Each structure stands twice: as C-alpha cells, then as structure tokens.
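Let's take a walk through a protein model together. Keep the 3D view open and look up each residue as we get to it.

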Amino acid sequence: MDGSPGESSESGSIVSNAHSLKNGGLHDDDGCPRQVSPIRIGGSRNTSPIGCVGSRNTSPSRQKVIKTKPRGLDEETVATFGKVVHPDVQMEDNIWAMLPEDLLNEILLRVPPFMIFRLRSVCKRWNSILQDSCFLKFHSQVPSHGPCLLTFWKNLQTPQCSVFSLPLKAWYRIPFTFLPQWAFWLVGSSGGLVCFSGLDGLTFKTLVCNPLTQTWRTLPGMHYNQQRQLIMVVDRIDRSFKVIATGDIFGDRSLPTEVYDSKLDRWLLHQIMPAVNLCSSKMAYCDSRLYLETLSPLGLMMYRLDPGYWEHIPARFPRSLLDGYLVAGTQKRLFLVGRIGLYSTLQSMRIWELDHAKITWVEISRMPPKYFRALLRLSAERFECVGQDNLICFTSWNQGKGLLYDVDKKVWSWIAGCALQSYNSQVCFYEPRFDASIY
C-alpha cells in the first residue's frame with residue numbers, strides 16, 4: 001500500500017490482516033492465538049484491537065478500493081507485462097450454496113464470458129444453470145461483452161484458438177478440440193457463431209459452432225457441393241443465420257449463388273454471378289449487401305440478399321493501389337484498405353470510404369509511417385485486414401503483429417501480446433455470446 005510507514009488506512013489494515021490469517025492466523029507475542037472482532041461497515045468507528053494498533057480511522061469515502069481484474073481460461077501471459085497478484089477472498093460455502101437461482105443468474109450475467117469454462121467445473125449446479133434456457137434468455141438481454149479478435153491455427157493438426165478481448169485487453173485460450181478432425185479453415189464469425197469450411201476426406205463440408213458452448217453442427221450439402229467462397233451473417237432479432245456461397249475458389253463463376261437459411265435448414269439457389277474478373281476472394285457484408293472487388297469491369301459487384309440478384313457498381317479504385325481489402329463498417333459504411341505506391345520507400349497504407357451517392361472512394365485516414373514500417377518491414381510482405389463496427393485490424397504474417405484502428409476515434413494502437421502463433425493463423429472479429437444458437 002502507498003503511504004509512509006507511520007500511516008496506514010483502514011483498508012490497508014484489513015489487507016494485512018487477511019495475509020496474516022492466510023499464513024496461520026494472528027498471534028500474541030507469546031505465540032497464542034488472538035481473537036479478532038468483526039469489522040463493522042458504515043460510519044461506525046472500528047474499536048477492535050486491530051484497528052487501534054498502528055492505524056488511524058478513515059471515513060469510507062477515503063478508504064482505498066482494491067480493483068481486481070477478471071481472469072479467463074488459460075490467459076496467455078506476456079513476459080513484458082507484469083501482473084499484480086491479489087489475495088484470494090475467503091467465501092463461506094454454506095452461505096453461497098444457498099444463493100437463490102435468480103440472484104445467481106444476475107451474478108453470472110456480469111461475469112466475463114471467458115470465465116464460463118472455469119465456472120462449469122465448480123459444481124453440477126453451475127454446470128447445469130449455464131445450459132439453462134432461462135439463463136440464456138437473460139443473457140440475450142444484457143449488453144454485449146464487446147468486440148474481440150479470434151485467431152485460429154493448427155498445431156500438429158490440432159485446432160488452436162486464442163481470443164483477444166478489447167474491453168479487457170487480455171488474451172484467452174479457448175479449447176477447440178470439440179471440432180471434428182477435418183482439413184478445414186476459418187470462414188468468419190457473426191453474432192457469436194463461427195463458421196468453418198473444409199474437406200472431410202473428399203467431401204466439401206461447412207460447419208457452424210459456438211466456441212463458448214462448445215457446440216457445433218454440419219450444414220446440409222449444397223446443390224453444387226464444392227469448395228466455394230463463403231460468408232456468414234447472423235440476425236440476432238430473428239435468431240437465425242445465413243451462409244452465402246458465391247463462385248468456387250478456383251475461379252469458376254458459372255455456379256449459381258446459394259444461400260443457406262437456418263430457419264429452413266436448406267440451401268436456396270439464386271442468380272449466377274455475371275462474368276467478371278475478381279481482384280480478390282475477400283468479401284464484405286453490410287446493410288444486407290455483399291460486396292466483392294472486380295478488375296473487369298472495374299469496380300464492385302454487389303449482391304442484394306433479399307431479392308437475390310447481382311449488380312455492378314462502377315466505383316474506380318484509387319491510383320497505384322497495390323492490394324486492397326473491403327471492410328464492412330456499421331450501417332451502410334464500406335471501407336477500402338490498401339497500400340499505395342510502386343516503390344517500398346514511397347509506400348503507405350490508406351483507408352477510403354465509399355461515397356454511395358457519388359460512387360467514389362474518399363480517403364479518410366493514413367497509417368502513420370512508424371506503424372507502417374513496424375507492421376510491414378518489407379514492401380512485399382503480406383498482411384491481412386478484417387473489420388467490424390468501424391474497427392479495423394491489421395495483421396502481419398511475417399512480423400506476428402496486430403494493429404488496431406478506430407475509425408470513429410481516429411486512434412491507432414498495437415494489440416499487446418498478439419497471439420499470431422504461426423504463419424498460417426487466420427483472424428476474424430468475434431462477439432462472444434452464450435445465447436447464439438447453431439440451429
């Protein structure tokens with residue numbers, strides 16, 4: 001505790017007493033145990049022997065409050081960051097065992113979502129309540145934990161997953177051994193669900209899972225069941241999700257667009273994408289529209305989900321654009337992120353926003369040179385870019401770094417202890433939710 005040796009607050013005495021009790025209790029000079037009178041809360045004066053020796057009374061408003069940080073499952077420690085160890089709080093088992101069900105629900109709703117794995121193993125009652133429909137209903141009404149970054153990779157063919165919580169600024173490990181042993185890759189995440197696609201032998205399959213509840217299921221086969229470009233969107237109000245499949249990953253655009261609807265549990269055939277030359281397989285979804293970049297004709301291809309048809313948007317790309325990523329923002333905001341410049345010394349990373357009225361890209365931000373040089377040391381280095389809710393995340397495969405940009409606040413910040421564990425790590429934004437159903 002801060003302060004001179006001759007002064008200590010009442011809270012400091014309490015903490016020191018807690019340490020003494022933990023180490024065998026309080027003793028007199030002759031080694032005999034000493035009784036401790038209960039600590040009174042409120043405006044009353046502490047008259048116990050503890051409060052009279054070497055301490056002075058302070059009002060409750062001046063007492064120091066020890067703030068503890070919630071811990072998640074297997075939080076990945078970073079060697080460069082020290083952590084403060086707080087004393088364990090002793091809790092009476094007979095009191096907490098009689099906690100009413102509704103009060104227990106209220107407490108659990110305020111626990112960070114990644115604590116759920118530890119809480120499941122506390123007792124059978126807690127394990128069952130976290131799967132209870134009443135608890136999930138309560139959880140659906142509380143505000144979201146906030147955006148997180150999910151990184152997925154395989155270590156010796158074993159799926160690995162780490163999640164970075166932006167509100168808590170900490171990494172958490174989520175076990176992914178509940179998934180089948182397929183050769184699958186990350187498609188994306190939406191509304192608490194994560195979508196994967198891959199090969200089970202020679203059969204192309206798509207699966208959806210909820211990492212927090214450790215549940216998953218395989219979607220029915222498509223009409224044209226082969227490796228496709230996929231994107232998943234969740235409707236939390238309707239409690240449903242859709243998976244959109246465009247052309248196949250090898251460039252065959254003659255396949256009709258297929259949309260899986262979880263409410264119908266089947267794939268629906270839609271219009272075939274017009275013959276275009278795509279710049280990238282990366283897609284962005286915002287405001288019930290799917291966007292892809294095209295070279296010929298130059299601009300964007302937009303797919304309207306409700307009517308189910310494609311149309312071309314002649315939005316010309318900025319000059320000297322080396323590589324670009326489409327990133328969806330909130331509401332109708334659509335961003336283009338990419339490098340500009342032909343030579344390594346003249347390159348820079350910039351962000352544009354689509355002006356839907358004028359059908360032009362308007363520059364809104366540039367990455368500061370110090371961040372650009374640290375993220376991409378070589379001109380040919382590969383980077384990935386994902387976005388959600390006006391947050392844009394840049395990751396460098398070679399450097400193993402992560403950089404976050406807040407479009408609204410115009411703030412750049414490094415992601416501490418970035419858990420890009422290998423060169424083939426895949427990254428997406430993720431919103432942890434227990435009430436996200438895979439059906």
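## A buried acid and its partners

Start with Glu-431: its relative accessibility is 16%, so this residue counts as buried. Keep in mind that you're looking at a predicted model. One partner of Glu-431 is Arg-236, and the closest N and O atoms of this salt bridge are 4.0 Å apart. Arg-236 sits in the loop between strand S8 (228-235) and strand S9 (240-248), while Glu-431 is in the segment after strand S25 (426-430), so their pairing ties together parts that are 195 residues apart in sequence. Unlike a buried residue, Arg-236 counts as partly exposed, with 40% relative accessibility.

Glu-431 also forms a salt bridge with Arg-433, where the closest N and O atoms are 3.6 Å apart. Arg-433 is buried, at a relative accessible area of 1%. Now add Asp-435 to the picture: Arg-236, Glu-431, Arg-433 and Asp-435 are linked in a network of salt bridges.

## Another salt bridge

How many salt bridges turn up if you search the whole structure? The search finds 16. One more to look at is the pair Arg-333 and Asp-408, with the closest N and O atoms 3.5 Å apart. Arg-333 is in the loop between strand S17 (321-328) and strand S18 (334-340), and Asp-408 is in the loop between strand S23 (401-406) and strand S24 (411-414), so this pair ties together parts that are 75 residues apart in sequence. Arg-333 counts as partly exposed, at 23% relative accessibility.

## Asn-210 and its neighbours

Back to Arg-433 for a moment, because it leads us to Asn-210: the side chain of Asn-210 reaches the backbone oxygen of Arg-433 at 3.0 Å. Where is Asn-210 in the chain? You'll find Asn-210 in strand S6, which covers residues 203-210.

Is Asn-210 buried or exposed? Asn-210 is buried, with a relative accessible area of 0%. Leaving aside residues up to four places away in sequence, Asn-210 touches several others, including Phe-178, Leu-193, Tyr-430, Phe-434 and Ile-438.

## Checking the cysteines

A disulfide is a covalent bond between the sulfur atoms of two cysteines. How many disulfides does this model have? The count comes to zero.

Take Cys-161 as an example. The closest cysteine sulfur to its own belongs to Cys-428, 8.2 Å away, and that is too far for a bond because a disulfide needs sulfur atoms within 2.5 Å. Cys-161 counts as buried, at 0% relative accessibility. Cys-148 is buried too, with a relative accessible area of 0%.

## A greasy spot on the surface

Now turn to the outside. Ile-95, Trp-96, Leu-103 and Ile-107 make a nonpolar surface patch of about 370 Å². Helix H3 (93-96) and helix H4 (101-109) each supply at least two residues of this patch. Ile-107 belongs to helix H4, and Ile-107 is partly exposed, with a relative accessible area of 35%.

## Zooming out

Time for the whole protein. There are eight helices and 25 strands. Of its 439 residues, 45% count as buried. The protein exposes about 23800 Å², and carbon and sulfur atoms supply 53% of that area.

What about contacts across the sequence? Among contacts between residues at least 6 apart in sequence, 49% join residues at least 24 apart.

Definitions and conventions:
Residues numbered from 1 in each chain as written. Predicted model: local features only at pLDDT ≥ 70, side-chain atom pairs only at ≥ 80, totals over all residues. Heavy atoms only, no water. Helix = DSSP H or I, 4+ residues; strand = E, 2+ residues; numbered from the N terminus. Buried < 20%, exposed > 50% of the residue type's maximum accessible area, 1.4 Å probe, protein only. Polar contact = N/O pair within 3.5 Å; in protein donor to acceptor, adjacent residues only side chain to side chain. Contact = heavy atoms within 4.5 Å. Patch = residues over 30% accessible without salt bridge, like charges linked within 9 Å, V, L, I, M, F, W, Y side chains within 5 Å. Areas by Shrake-Rupley, 256 points an atom, 1.4 Å probe, with all protein chains shown as cover. Salt bridge = Lys/Arg side-chain N within 4 Å of Asp/Glu carboxyl O.
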